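This briefing gathers what can be read from the model shown here, grouped by topic. Please keep the sequence and the coordinates at hand while going through the points.

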Amino acid sequence: LSVANGIALGLKQDKRDQRVYVLLGDGELQEGQIWEAAMSSVHFKLDNLCAIVDYNGLQIGGSIGKVKSTLEPLAAKMESFGWFVLEINGNSIAEVMAAFRQARLVKGRPTMIIAHTLKGKGVSFMERNVEYHGKVPSLELLKRALDELEKGD
């Protein structure tokens, strides 16, 4: 988020009409540096910045609540800093695209899209399975996963 802030601020100072998008993990939001950056985003009125949080409740060490206390109420916390916040189903491309369109209309402050997702959606053995946060599946499991995704919605 700090790097995205720097890019967004530079674009604004150069009077360039470009946007910066940054993807954050929910576990990453447990780091203090993110909260400092979030306050800076608002301070500099970075309305050309859109942060997307992949909120699936899992990180490499387990559930986000197991690793560190909960992030909730995340939307209210970010709004209290001055962010414009949208909460969506992050597994819905239509909702993601609609949120991006809405974020472009926000002026004077950054936008955070909290995308509630299901880790491993569409792959039976990966759904909600923290083991696959950083594990590469075998070739056999990869084939099975691709078959399941092809047959899914």
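Val-130 is a useful place to begin: with a relative accessibility of 29%, this residue counts as partly exposed, because that value falls between the 20% under which a residue is buried and the 50% over which it is exposed. The model is a predicted one, and the points below move from the surroundings of Val-130 to the chain as a whole, its cores, its aromatic pairs and its backbone.

**Val-130 and the loop that holds it**

- Val-130 is found in the loop between β6 and α6, the latter covering residues 139-151.
- Leaving out residues up to four places away in sequence, Val-130 touches Leu-58, Gln-59, Ile-60 and Gly-62.
- Ile-93 lies 37 residues from Val-130 in sequence, and the C-alpha atoms of these two residues are 23 Å apart in space.
- Arg-128 also has its place in the loop between β6 and α6, and at 63% relative accessibility Arg-128 counts as exposed.

**Gly-61 and its surroundings**

- Gly-61 sits in the loop between β3 (58-59) and β4 (62-63), where a relative accessible area of 44% makes this glycine partly exposed.
- When neighbours within four places in sequence are set aside, Gly-61 is in contact with Lys-66 and Val-67.
- Between the C-alpha atoms of Gly-61 and Lys-15, which are 46 residues apart along the chain, the separation is 42 Å.

**The chain as a whole**

- The chain contains 6 helices and 6 strands, which follow one another along the sequence in the pattern α-β-α-β-β-β-α-α-β-α-β-α.
- Along its principal axes, the C-alpha trace spans about 50 × 30 × 25 Å.
- The chain has 153 residues, of which 42% count as buried, and it exposes about 8900 Å², with carbon and sulfur atoms supplying 56% of that area.
- Among contacts with a separation of 6 or more, 74% are accounted for by residues that are 24 or more positions apart.
- The chain carries 19 positive and 19 negative charges, and the mean positions of the two sets are 4 Å apart.

**Nonpolar cores**

- The largest nonpolar core has 27 residues, and the members that touch the most others are Leu-1, Leu-24, Leu-49, Met-78, Trp-83 and Met-112.
- At least two residues of this core come from each of α1 (2-13), β1 (20-25), α2 (32-43), β2 (49-55), α4 (74-81) and β6 (111-116), and the largest share, 5 residues, is supplied by α2.
- Leu-49, one of the members named above, is in contact with a set of residues that includes Leu-1, Ala-4, Ala-8, Val-20, Val-22, Trp-83 and Pro-110, once neighbours within four places in sequence are left aside.
- Apart from the largest core lies another, of 11 residues, which counts Ile-52, Phe-84, Ile-88 and Val-96 among its members.

**Aromatic pairs**

- The count of aromatic pairs comes to 3, and one of them joins Trp-35 and Phe-81, whose ring centres are 5.7 Å apart and whose planes stand at 85 degrees, so the pair is edge-to-face.
- This pair links distant parts of the chain, since Trp-35 belongs to helix α2 and Phe-81 to helix α4, 46 residues apart.
- Trp-35 is buried, with a relative accessible area of 19%, whereas Phe-81, with a relative accessible area of 28%, is partly exposed.
- The rings of Phe-125 and Tyr-132 have their centres 5.7 Å apart and their planes at 70 degrees, so this pair is edge-to-face; Phe-125 and Tyr-132 are both buried.

**Backbone features**

- Most residues other than glycine have a negative phi, and most peptide bonds are trans.
- Lys-45, which is not a glycine, has a positive phi of about 50 degrees, and its place is in the loop between α2 and β2.
- Arg-128, again not a glycine, has a positive phi of about 60 degrees.
- Glu-72 and Pro-73 are joined by a cis peptide bond, with omega about 0 degrees, and Pro-73 is found in the loop between α3 (64-67) and α4.

Methods:
Residues are numbered from 1 along each chain as its sequence is written. This is a predicted model: local features need pLDDT of at least 70, side-chain atom pairs count only at pLDDT 80 or more; totals for chains, interfaces and linings use all residues. Side-chain values use heavy atoms; hydrogens and water are left out. Helices (H or I, at least four residues) and strands (E, at least two) are DSSP runs, numbered from the N terminus. Buried means under 20% relative accessible area, exposed over 50%, partly exposed in between (1.4 Å probe, protein chains only). Contact means heavy atoms within 4.5 Å. Accessible areas come from the Shrake-Rupley method with a 1.4 Å probe; for residues, only the protein chains shown count as cover. Lys and Arg count as positive and Asp and Glu as negative; His and the chain ends are not counted. The place of a charge is taken as NZ of Lys, CZ of Arg, CG of Asp or CD of Glu. A nonpolar core is a set of buried Ala, Val, Leu, Ile, Met, Phe, Trp, Tyr and Cys residues joined through side-chain atoms within 4.5 Å. Rings of Phe, Tyr and Trp (its six-membered ring) pair if their centres lie within 6.5 Å; planes under 30 degrees apart count as stacked, over 60 as edge-to-face and the rest as tilted.
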